[in-house]
Amino acid sequence: MYKNIDLFEARKDGYHVYRIPGIIVTKNNVIVASTEARNNRGGDWDPIDVFIRRSFDQGDTFQERQLIVDHKKYGEGPAGNFVLIPNMRTGRVIALYCYKYSRVFTMFSDDDCGTFSEPVEITDTFNQFHQDYDWKVCATGPGHGIQLENGRMIVPVWLSDGSGSEFGKGNLGHRPSIVTSIHSDDNGMTWNRGDIVCRHNDKIEQQTLINPSETIAVQLSDSSVMFNIRSESEINRRLIAISPDGATNWKIKGFDNSLLEPVCMASILKSNQKKIDGPQEIIFINPDTLENDMRPEGNNFFLHDRKRLTAKCSQDNGETWPISKIIEPGPAGYSDLAQLASGEFLCLYECEIIDRICDDKYIRLTKFDSEWLQS
């Protein structure tokens, strides 16, 4: 384990709180860490901008922050759910984000996220889902998207009809919800919708699926794509779905008994270090707890604490997770994962709290390798 670095701090630089971390490593081994900078009380519907910080020395130091998405470009309201996808063939980095959970944009960078092209709206891709689901709220990611071995880019998506309750007067709800995906076969220039993966109230293993939403993706050794899905189901486990191409013919594998679901975004990554005797390692990170000691009295929205951020390692394509190591024992929530060319893993995550859950004090970076994880 290496020294932690706090990249963003709440109540600093003109923002109330920083949330929703994202991290990638570009083809040139440049680290790009992103966050949502939130004002007012820091809620999902408050004014939100997107910032990044970059490192050119494998995470030892970071440049000053850069404003990447300014919500005032579009009006008032949130700009977020920022997703980065590094193209490891060309070096170009693709970015996607949402505005007010109803419009989606994409842009690209050819200089390791130093500058970006002008945003192009791709909401028409999402409008294709209306034939199957009358969504009012849409969201990409968050966290990083993936590029498959054949070049296809995949971004998990969740949609809601907006009828459920949500904090803030006059805002559409993020519940009930469904999970699906979008994909690009031309290096992020155009995007197409995928099949619906799962829906609220689906019956799975004699369980009722409740509000599937933020989803993380990884390509397995047989080239299929695994979605690892957050939900609010009573079983409190992560839901797993598999597709041969990351877009169609989804099969629900079931709830993974080894992966607790405290109702929180998680992160996943397949190691870039190839092995002779088996599949590459897959790392999964989330708050590994079902306790509820931190929940404010009378607040039932968060079913469990967000703490004890834990890395788990699978050496058999996610079938089992025998290796487990705590990264942050105290309050910690959303996270994202990337990996340097050297093999070292980078985890960017929310941690510590000021007044309440989701009022995170820091966006923190930690770096670790397989030896530490297995020690």
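These are my notebook entries on what I looked up in this structure, which is a predicted model.

**Entry 1: the whole chain**

I began with the secondary structure and found that the protein chain has two helices and 27 strands. I then looked up the radius of gyration, which is 19 Å, close to the 21 Å that the globule rule gives for 375 residues, so the chain is as compact as a globular protein of that length. Along the principal axes, the C-alpha atoms fill a box of roughly 55 × 50 × 45 Å. I also noted how the contacts are spread along the sequence: of those between residues at least 6 apart, 53% join residues at least 24 apart.

**Entry 2: surface and charge**

Turning to burial, I found that 60% of the 375 residues are buried. The area that the protein chain exposes is about 14,700 Å², and 46% of this comes from carbon and sulfur atoms. For charge, I noted 41 positive and 54 negative side chains, with the centres of the two sets 2 Å apart.

**Entry 3: the largest nonpolar core**

Which residues touch the most other members of the largest nonpolar core? I listed Ile 85, Leu 96, Phe 126, Leu 159, Ile 182 and Trp 191, out of 20 residues in that core. The elements that give two or more residues to this core are β6 (79–86), β7 (93–99), β12 (153–160) and β13 (177–184), and β12 gives the most, with four residues. As background, I wrote down that nonpolar side chains in soluble globular proteins tend to be buried together.

I followed Trp 191 further, setting aside its neighbours within four places in sequence, and found that its contacts include Ile 85, Leu 96 and Ile 182, which are also on the list of core residues above. Among the other contacts of Trp 191 are Thr 106, Thr 125, His 183 and Ser 184.

**Entry 4: the loop between β12 and β13**

Both Gly 164 and Pro 176 are found in the loop between β12 and β13. Leaving aside neighbours within four places in sequence, I found Gly 164 in contact with Gly 173, Arg 175 and Pro 176. The peptide bond from Arg 175 to Pro 176 is cis, with omega near -10°. I also looked up how far Gly 164 lies from Gln 374, 210 residues away along the chain, and their C-alpha atoms are separated by 43 Å.

**Entry 5: another cis bond**

I found a cis peptide bond from Gly 141 to Pro 142 as well, with omega near 5°. Pro 142 has its place in the loop between β10 (137–140) and β11 (146–147).

**Entry 6: two positive phi values**

Are Lys 100 and Val 263 buried, partly exposed or exposed? Lys 100, in the loop between β7 and β8 (103–109), has a positive phi of about 55° although it is not a glycine; its relative accessibility is 36%, so I entered Lys 100 as partly exposed. Val 263, in the loop between β21 (251–260) and β22 (267–270), has a phi near 70°, again positive in a residue other than glycine. With a relative accessibility of 1%, Val 263 counts as buried, because the cut-off for buried is under 20%.

**Entry 7: Asp 293**

Last, I looked up Asp 293, which lies in the loop between β23 (282–287) and β24 (307–314). Its relative accessible area is 60%, so Asp 293 is exposed. Beyond its neighbours within four places in sequence, Asp 293 is in contact with Asp 305 and Lys 307. Asp 293 and Asp 305 are 12 residues apart in sequence, and their C-alpha atoms are 6.7 Å apart in space.

Methods. Residues numbered from 1 in each chain as written. Predicted model: local features only at pLDDT ≥ 70, side-chain atom pairs only at ≥ 80, totals over all residues. Heavy atoms only, no water. Rg over C-alpha atoms; globule rule 2.2 N^0.38 Å. Buried < 20%, exposed > 50% of the residue type's maximum accessible area, 1.4 Å probe, protein only. Contact = heavy atoms within 4.5 Å. Areas by Shrake-Rupley, 256 points an atom, 1.4 Å probe, with all protein chains shown as cover. Lys, Arg positive; Asp, Glu negative; His and termini not counted. Charge placed at Lys NZ, Arg CZ, Asp CG, Glu CD. Core = buried A, V, L, I, M, F, W, Y, C linked by side-chain atoms within 4.5 Å.
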